[in-house]
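Colleague: I would like to learn how to read the empty spaces in a protein model. Could you take me through one?

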Amino acid sequence: MDQQGEKQKMTFDEIFYWLRENDSKKLEVLWQKADAVRQDRVGDAVYLRGLIETSNICRRNCLYCGIRAGNQQPERYRLSFAELLDTARLAKKLNYGTIVIQSGEDWGIDAEDIANVIRQIKKNTELTITLSLGERSEADYRLWLEAGANRYLLRFETSNLQLFNAIHPPFNRDFGSRLEILQLLREIGYEVGSGVMAGIPGQSWADLARDIRSFAELDLDMIGCGPFLPHPQTPLGQLFEIDSKTGLSKPGPLTPKQKQFCEQCKIPILASDEQVTVDENLPFKVIALSRLVCPSANIPSTTAVATLDPDRGRLLGLSRGANVIMPNLTPMKYRKMYEIYPNKAASFELPEETHAEAVRQITELGRIVGQGAGTSPQFVNRRSKTS
Ligand code: SAH
């Protein structure tokens, strides 16, 4: 059955039901279903993507993100051409098939410079290249594709437009909505990934169910989601109380000041049973449901999932629908500076250690380390239909 057929199997009501289910016995059914579909559709290989956080310089002021322009705290950095190329070479040496080059929206990097690095990386390593550099022009996306980039990741963060606009202050360049950009990326030939954060203040359970439904409508090749993790130096991070032991955020009743802030920014103010709350099951529900709505997509067990549960998060993600992990290869001296949220998992593991640990975990699960590009079957099917 193709993705279209499977997608119709999951209704809004079912997704909504599972999101709100907290009985661990019943949730076992969801985990098992997702794992079975994962095995059937994308197999036992777990693909490793080497993540290179190439710059934390950002022009945007997203209300949740620790590297937002308005945060004076982090020291800003940008990898040199040589550092980026060296990191790509290290990825090749460690047997990665793909690197992900991610950054803030750093307009100080010229599009042509990025194209040059892509060409050099391709020439020297033949790695598959995923970009995650935010919103840019069609000309830039085309330039990078022609230079050799293969994939693009751009989360739409939430399908609730009021909430999206509230937490993403406008910027003086308008490339259309993220959904329009995703459509463009797909049309020009990228393998396209997107996703959302789960538990954004002002995000309702119905919003999140609609987000997950829309993964199927967007026919995504890759789906990366994670829990919202409050960053204390951001406006949204200050809305929720953070449990210092678990790191979980508790959306208690808002103080009058917080309420006023939400009203000013047009962040929906929700009753506590409507607001998505981040608990230990939420990230896995989102992964499992993503697998059920998009059976052939590549789905990572993301760093944010591992941050919430450093001991088991990554493994549980892999056994509840995910088939990709993204170990961090950013040069050590920059790690602390790319703090989009606090206490990022495995921030201080050396690339060699991170890689060895990933391989160990995959083997422990009885799975195998994917070799080569690990293109999503969803993209391969899509391509074969159009050509
Ligand atoms: N500038 C790029 C990359 C952003 S970082 C872009 O805009 O696409 C990658 C992802 O980190 C974001 O898309 C967002 O979903 C996630 N993120 C940022 N801040 C976060 C937070 N406080 N908690 C959880 N995830 C966060």
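Modeller: Gladly. A cavity is a set of grid points where a 1.4 Å probe fits but cannot get out, whereas a pocket is an open set. The model here is predicted.

Colleague: What is the general idea behind the probe?

Modeller: Rolling a probe the size of a water molecule over the atoms shows where empty space is left. In this structure there are 3 cavities of 30 Å³ or more.

Colleague: About how much space lies in the largest cavity, and which residues lie nearest its centre?

Modeller: The largest cavity holds about 980 Å³ of space. Its lining is made up of 47 residues, with Gln102, Ser132, Arg155, Glu157 and Ile340 nearest the centre. Two or more lining residues come from each of E1, strand E2 (98–103), strand E3 (128–132), strand E5 (191–194), strand E7 (222–223) and H12. Sorted by class, the lining has 24 nonpolar, 14 polar and 9 charged residues.

Colleague: What takes up the space of the largest cavity?

Modeller: The ligand does: the space it takes is the largest cavity. The cavity is found over the protein atoms alone, so look at the ligand's own surroundings next.

Colleague: Which residues come nearest to the ligand?

Modeller: There are 18 residues around the ligand, and Ser103, Arg155, Glu157, Arg178 and Leu229 come nearest. Arg155 and Glu157 you have already met beside the centre of the largest cavity. The shell around the ligand consists of 10 nonpolar, 5 polar and 3 charged residues.

Colleague: Where do backbone atoms come close to ligand nitrogen atoms?

Modeller: For polar contacts, look for pairs of N or O atoms within 3.5 Å. At Leu229, a polar backbone atom is 2.8 Å from a ligand nitrogen. Ser103 has a backbone N or O atom 2.9 Å from a nitrogen of the ligand, and for Tyr64 the corresponding distance is 3.0 Å. As for cover, the ligand on its own has 560 Å² of accessible area, and the protein covers 92% of that.

Colleague: Which residues line the second largest cavity?

Modeller: The lining consists of Leu179, Leu182, Gln183, Arg186, Val192, Leu218, Asp219 and Leu220. H8 provides the largest share, 4 residues. The volume of this cavity is about 50 Å³, and its lining has 5 nonpolar, 1 polar and 2 charged residues.

Colleague: Now to the open spaces. Which helix gives the most to the lining of the largest pocket?

Modeller: H7 does, with 3 residues. Helix H7 (161–167) and helix H8 (178–188) each supply at least two residues there. The largest pocket contains about 430 Å³ of space. It is lined by 19 residues, and Phe164, Asn165, Gly176, Ser177 and Arg178 are closest to its centre. Arg178 is also among the residues that come nearest to the ligand. By class, the pocket lining has 8 nonpolar, 6 polar and 5 charged residues.

Colleague: And about how much space lies in the second largest pocket?

Modeller: About 360 Å³. Of its 25 lining residues, Ala306, Arg314, Ala345, Ala346 and Glu349 are closest to the centre. Strand E1 (45–55), helix H12 (303–308), helix H13 (313–319) and helix H14 (351–364) each contribute at least two residues to this lining. Its classes are 9 nonpolar, 9 polar and 7 charged. E1 and H12 should be familiar, as they also give two or more residues to the lining of the largest cavity.

How values were computed
Residues numbered from 1 in each chain as written. Predicted model: local features only at pLDDT ≥ 70, side-chain atom pairs only at ≥ 80, totals over all residues. Heavy atoms only, no water. Near = heavy atom within 4 Å. Polar contact = N/O pair within 3.5 Å; in protein donor to acceptor, adjacent residues only side chain to side chain. Areas by Shrake-Rupley, 256 points an atom, 1.4 Å probe, with all protein chains shown as cover. 1 Å grid on protein atoms, 1.4 Å probe; cavity = no way out; pocket = protein on both sides within 12 Å on 5 of 7 lines; lining within 4 Å. Sits in = over half its atoms within 2 Å of the grid points. Nonpolar A, V, L, I, M, F, W, Y, C, P; charged D, E, K, R; others polar. Points joined across faces, edges and corners; volume = space filled by probe spheres on them.
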